[in-house]
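Reader: Before I plan anything around this protein, could you take me through its fold, its interior and its aromatic rings?

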Amino acid sequence: MPVFFVCAGLIGLLAVILTANISRLRGKKKINLGDGGDREMQAAVRAHANLIEFAPLCLLLIYFVSDFYGFGVVAGLSIVLLVSRALHAGGMLGVIPQGRFLGAIGTTLVLAASSVLAVLAGLSLKQF
């Protein structure tokens, strides 16, 4: 579980960084609400929103299955989620080429895998 907690904490810090980026852009561009039609602001808002849309559900599912599956499964899912979310944010902000694509794939795989593992655990069909 320590790997899960470290990854969850780092994802939380990523949310803080993305929030601060939005605040910085709001001040710089004098946009108080919404994105003002500014493409850079749109990207910053969507990078933050996408993290908030996917990370909590994935983390919750990984946490749920942590009692049923070994360290390797939980650590692997946690690390892939962290890397994927960082790649996605970097891609959205134009810092990491192909980051958005790779991050979306990684996040979707973690969401699918942790969802299936939760169903199997709930049905007492644990496979590992």
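Author: What follows is a set of questions and answers on the fold, the cores, the aromatic pairs and one serine.

Author: This is a predicted model, in which local features need pLDDT of at least 70 and side-chain atom pairs count only at pLDDT 80 or more, while totals for chains, interfaces and linings use all residues. Residues are numbered from 1 along each chain as its sequence is written, and side-chain values use heavy atoms, with hydrogens and water left out.

Reader: Which pattern does the protein follow along the sequence?

Author: Helices (H or I, at least four residues) and strands (E, at least two) are taken as DSSP runs, numbered from the N terminus. By that rule the protein has four helices and zero strands, and its C-alpha atoms fill a box of roughly 55 × 25 × 20 Å along the principal axes. Read along the sequence, the pattern is α-α-α-α.

Reader: What percentage of the residues of the protein count as buried?

Author: A residue is buried under 20% relative accessible area, exposed over 50% and partly exposed in between, with a 1.4 Å probe and protein chains only. Of the 128 residues, the share that counts as buried is 37%.

Reader: Which helix gives the most to the largest nonpolar core?

Author: A nonpolar core is a set of buried Ala, Val, Leu, Ile, Met, Phe, Trp, Tyr and Cys residues joined through side-chain atoms within 4.5 Å. The largest one has 25 residues, of which Ile11, Leu18, Leu51, Ile62, Leu81 and Val110 touch the most other members. Two or more residues come from each of helix 1 (2-29), helix 2 (39-65), helix 3 (71-92) and helix 4 (99-122). The most, eight residues, come from helix 2.

Reader: Which residues does Ile11 touch, not counting residues up to four places away in sequence?

Author: Contact here means heavy atoms within 4.5 Å. With residues up to four places away in sequence left out, Ile11 touches Leu51, Ala55, Leu59, Leu81 and Leu82.

Reader: Why is the pair of Phe4 and Phe5 classed as it is?

Author: A pair of aromatic rings is described by the distance of the centres and the angle of the planes. Rings of Phe, Tyr and Trp (its six-membered ring) pair if their centres lie within 6.5 Å, and planes under 30 degrees apart count as stacked, over 60 as edge-to-face and the rest as tilted. The search of the whole structure finds two such pairs. Because the centres of Phe4 and Phe5 are 5.5 Å apart and the planes stand at 70°, this pair is edge-to-face.

Reader: How many residues apart in sequence are the parts tied together by Phe4 and Tyr63?

Author: The rings of Phe4 and Tyr63 have centres 5.8 Å apart and planes at 40°, so the pair is tilted. Phe4 lies in helix 1 and Tyr63 in helix 2, so the parts tied together are separated in sequence by 59 residues.

Reader: Is Ser114 buried or exposed, and which residues is Ser114 in contact with?

Author: Ser114 has its place in helix 4, and its relative accessible area of 0% makes it buried. Leaving aside neighbours within four places in sequence, the contacts of Ser114 are Cys58, Leu61, Ile62, Val65 and Leu77.
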